[in-house]
Amino acid sequence: MISLGFRTLLSKEIRRFLRVPGQTLATPLLTTTLYFIVFGVSIGHQLREVGGVPYARFIVPGLVLMGVVQNAYLNSASSLFVMKLQGTIVDVLVSPLSYAEMLGAFVLAAVVRGLLVGGITWAVAGIFTGFEVAHPLLALAVVTLAAVAFAAGGVASAIWAQTFEQVNFFPTFFILPLTFLGGVFFSVRMLSPGLAAVARANPVFYMVDGLRFAVLGSSDASPWAGAGLVFLLAAGALTAAYMLLRSGWRLRG
Amino acid sequence: MPEPVVQIRGLTKRYGDLVALGGVDLDIRAGEIFGLLGPNGAGKTTLISIVTGLARATAGEARVLGRDVVRDYRFTRRHVGLVPQEINFDPFFTVEESLRFQAGYFDVRLTEARLTELLTALDLTAKRHTSARALSGGMRRRLLIAKALVHEPKVLFLDEPTAGVDVELRRALWAYVRTLRDRGTTVVLTTHYLEEAEALADRIGIIDRGLLRLVEEKTALMARSGGRSLEEIYVELVGRKEAAAP
Ligand SMILES: Nc1ncnc2c1ncn2[C@@H]1O[C@H](COP(=O)(O)OP(=O)(O)O)[C@@H](O)[C@H]1O
Ligand SMILES: [Mg+2]
């Protein structure tokens with residue numbers, strides 16, 4: 001049963017990011033478009049095809065995934081952290097909302113933002129490279145699960161964080177390097193065996209690769225590895241965030 | 001005598017070595033204004049936080065309408081309202097939106113009639129569509145009170161509602177608290193102003209260093225003390241004088 005309390009928190013969270021569309025939607029739109037123009041179109045001309053796919057088209061799934069996970073993380077992390085800072089978290093903590101409802105609302109709102117940004121990125125890229133998707137349902141499942149994983153991660157780090165710097169710790173030191181080294185802009189087949197082994201140790205590589213299979217129909221690793229991994233990550237992150245929330249650590253004195 | 005609205009038994013809260021509450025027993029009666037008086041750091045906010053679900057007790061228990069506030073939190077929180085000591089507001093939303101969200105968290109759909117009533121009572125009608133960012137300090141505090149009342153709680157906790165508030169607003173808030181009590185809401189308010197407890201409370205509890213030193217009907221307290229002022233009793237118990245209301 002979906003309670004009014006859950007729907008209220010969810011709609012508040014969604015309206016919060018829609019209130020600042022420049023920050024939450026236009027900025028990611030602009031940056032991913034720039035990536036696309038720089039890496040896809042200008043540099044892409046010098047590069048050949050990757051595995052029979054034009055380079056510009058090859059990078060689309062990675063760019064979409066990058067936008068999705070960054071925004072999913074940022075939405076739940078910044079919203080919950082700001083509530084902690086402003087003290088408005090009290091409004092929620094004194095309410096009868098259960099932990100599952102709170103987590104569900106924060107995560108779902110963040111997933112909505114992630115998918116919106118991913119959708120915009122995909123639409124912009126589509127203008128240049130076409131809109132075909134080999135396995136649409138698999139593509140949707142991969143981006144949604146990736147968004148859930150990073151949104152739940154955002155909840156957990158907002159609970160942990162005591163400064164804005166700490167909120168930015170995870171995106172700067174994990175999400176950014178992992179996505180850049182996760183094969184957004186290259187295929188592991190282009191890499192030396194040593195570097196390829198490093199790439200294969202990166203969970204984001206399997207997400208990008210899984211989405212690439214879903215969109216292009218071909219990939220480096222088994223697409224099931226990507227789908228399976230992203231499912232496990234989402235389940236693990238949700239569980240961790242739920243336990244943290246329930247423990248009351250840094251939220252309830 | 002009817003069952004107390006709030007029952008507190010052996011309530012203890014430790015922060016490391018610091019004992020914020022050292023085993024408090026207290027009953028709050030239906031329909032009264034209970035004034036919890038004590039100096040800064042006495043444990044007033046800690047006590048309220050445990051009953052409202054913002055903090056967890058180290059030991060002991062608290063019940064609201066006979067139900068445990070931890071085990072039956074869904075039930076107890078529906079009947080409890082909190083006006084926190086620190087003002088908070090969400091600058092993204094208007095007064096009306098803030099109230100609608102708050103009602104929603106409590107599974108309550110805010111009717112137009114109830115919204116109008118709250119806005120009128122707290123003198124916020126003209127600010128209905130104003131962003132919380134653009135409110136004055138006094139208006140934000142009134143919004144905080146309106147938020148605590150959206151779900152028509154049976155018990156309202158006011159944590160130092162008049163700290164740093166001007167005289168005019170203080171009088172208005174006192175009058176409103178009495179109105180709430182007269183309509184059947186039980187009110188627990190903390191204060192470190194003796195004048196406030198004296199003016200408003202039906203019963204007074206004096207807390208110091210995590211221990212309740214005295215709980216008594218205000219009239220009995222005044223009579224028993226044989227003309228001594230509340231201030232003299234307070235100084236005797238707490239060992240120091242608090243600031244009078246500015
Ligand atoms: N989160 C916390 N961590 C450590 N000590 C705390 C915390 N909250 C309150 N205290 C301490 O507990 C005592 C009681 O605080 P509080 O209940 O806020 O007092 P009051 O509301 O009566 O001014 C104080 O000594 C305070 O410093
Ligand atoms: Mg206090």
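Biologist: Which helix of chain A gives the most to the nonpolar patch?

Modeller: In this predicted model, helix α6 of chain A, residues 99-129, gives the most to the nonpolar patch, with three residues. The patch as a whole is formed by Ile37(A), Trp122(A), Ile127(A), Phe128(A) and Phe131(A), which together have about 510 Å² of accessible area on the surface.

Biologist: Why is Ile127(A) called exposed?

Modeller: Ile127(A), which lies in helix α6 of chain A, has a relative accessibility of 67%, and exposed means over 50%, so Ile127(A) counts as exposed.

Biologist: What makes the contact of Arg9(B) with Asp27(B) a salt bridge?

Modeller: The closest N and O atoms of Arg9(B) and Asp27(B) are 3.0 Å apart, and a salt bridge asks for a side-chain nitrogen of Lys or Arg within 4 Å of a carboxyl oxygen of Asp or Glu, so the pair qualifies. The pair links distant parts of the chain, with Arg9(B) in strand β1 and Asp27(B) in strand β2 of chain B, 18 residues apart.

Biologist: Why are Arg9(B) and Asp27(B) described as partly exposed?

Modeller: Partly exposed covers what lies between under 20%, which is buried, and over 50%, which is exposed; Arg9(B) has a relative accessibility of 35% and Asp27(B) a relative accessible area of 28%, so each of them is partly exposed.

Biologist: Which side chains does Arg181(B) meet in salt bridges?

Modeller: The side chain of Arg181(B) meets Asp182(B) at 2.9 Å, N to O, and it also meets Asp202(B) at 2.9 Å, N to O. Because Arg181(B) lies in helix α6 of chain B and Asp202(B) in the loop between α7 and β9 of chain B, the second of these pairs ties together parts that are 21 residues apart in sequence.

Biologist: How do you know that Thr45(B) and Gln85(B) are protein donors of the magnesium ion, ligand 2?

Modeller: Atoms OG1 of Thr45(B) and OE1 of Gln85(B) lie 1.9 to 2.2 Å from the magnesium ion, and a donor is an N, O or S atom within 2.8 Å of such a metal, so both atoms meet the criterion. Water is not among the atoms, so the site may look incomplete.

Biologist: Where in chain B do the two donor residues lie?

Modeller: Thr45(B) lies in helix α1, residues 44-52, and Gln85(B) in the loop between β6 and α3, the two being 40 residues apart. Thr45(B) is partly exposed, with a relative accessible area of 32%, and Gln85(B) is partly exposed too, at 29%.

Notes. Residues numbered from 1 in each chain as written. Chains lettered and ligands numbered in written order. Predicted model: local features only at pLDDT ≥ 70, side-chain atom pairs only at ≥ 80, totals over all residues. Heavy atoms only, no water. Patch = residues over 30% accessible without salt bridge, like charges linked within 9 Å, V, L, I, M, F, W, Y side chains within 5 Å. Areas by Shrake-Rupley, 256 points an atom, 1.4 Å probe, with all protein chains shown as cover. Helix = DSSP H or I, 4+ residues; strand = E, 2+ residues; numbered from the N terminus. Buried < 20%, exposed > 50% of the residue type's maximum accessible area, 1.4 Å probe, protein only. Donors = N, O, S within 2.8 Å, 3.2 Å for Na, K, Ca; no water.
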